[in-house]
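User: I'm new to this one and would like a close look at a single part. Please walk me through the salt bridges, along with whatever helps me place them.

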Amino acid sequence: MKVQSACRLLLLLPALAGGGCATHALWTRADLEDCNLPAQNANLRLFTDGSRGELVVVYDEYSERHDSTRTRAYLLRENQTRIEQQRSPLFARTNSFSALRPVPVFLTTNAISPVAPPFYAVLSTNDQSFTLCSNGRVTGPYALPVYDDGKAKMERITLTPLAATADLTIVGGILGYYYVISCWPDGASFKVP
């Protein structure tokens, strides 16, 4: 009889070790993640802010979560580290740059006229980055922002109490079942009145 009880208790180990399945799945599911990235046709526009010596980048961004495109703007140098870390840049209003001087953007270096402007940009073939050219000096490439929208983390935080409750209910049910089974003598049947 003690051997059978020990065997039943050994059956509890998978239940205890497997606990947390719902919580684990919630925090490891990749399908909750959604990115914002340059649209297939990013429609890149660049502007110089002569007073600050800053370059303003305006482009069309695609949101996987909303399956939509919207125009975004940010200051290049101010946000370069954030973009390299795949974090959201500090966006600015797109209409606040209309008075700035536009920078010519070419799709390929072949499109540049024989007399190149003193300052221009060349967009990569995949619309994901651009290179700056100033009086024969080339800098870049500068990637357009690709970042997680951050909403999946909030969803996970919100759903964690429900997932933990489900895990505890499942583990508690299994433990309760094995407890009831171990309390009944061998061969006794369990009858519901």
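Analyst: One yardstick before we start: a residue is buried under 20% relative accessible area, exposed over 50% and partly exposed in between, using a 1.4 Å probe on protein chains only. Try it on Cys35, which is partly exposed at 27%, while Cys133 is buried, with just 8%. This is a predicted model, where local features need pLDDT of at least 70 and side-chain atom pairs need 80 or more, though totals for chains, interfaces and linings use all residues. Residues count from 1 along each chain as written, and side-chain values use heavy atoms, without hydrogens or water.

Now for your part. The model has three salt bridges (Lys or Arg side-chain nitrogen within 4 Å of an Asp or Glu carboxyl oxygen).

Let's begin with Glu54 and Arg77, whose side chains meet at 3.7 Å, N to O. Glu54 sits in strand 3 and Arg77 in helix 4, so this bridge links distant parts of the chain, 23 residues apart (strands are DSSP runs of E, at least two residues; helices are H or I, at least four; both are numbered from the N terminus). Look at how the partners sit: Glu54 is buried, at 9%, whereas Arg77 counts as exposed, at 53%.

While you're at helix 4, which spans residues 76–84, find Asn79 there too. Asn79 is buried, its relative accessible area being 0%. Apart from neighbours within four places in sequence, Asn79 touches Tyr74, Pro89 and Leu90 (contact means heavy atoms within 4.5 Å).

Back to the bridges, and to Glu61. Glu61 pairs with Arg70, at 3.9 Å from N to O, and also with Arg72, where the closest N and O atoms are 3.0 Å apart. Glu61 belongs to strand 3 and Arg72 to strand 4 (68–75), so that pair ties together parts eleven residues apart in sequence. Put the three together and you have a network of salt bridges joining Glu61, Arg70 and Arg72.

How do these three sit? Glu61 is buried, at 2%. Arg72 counts as buried too, at 14%, but Arg70 is partly exposed, at 46%.

And those two cysteines I used for practice? The structure has zero disulfides (cysteine sulfur pairs within 2.5 Å), so what you've toured here are salt bridges between charged side chains.
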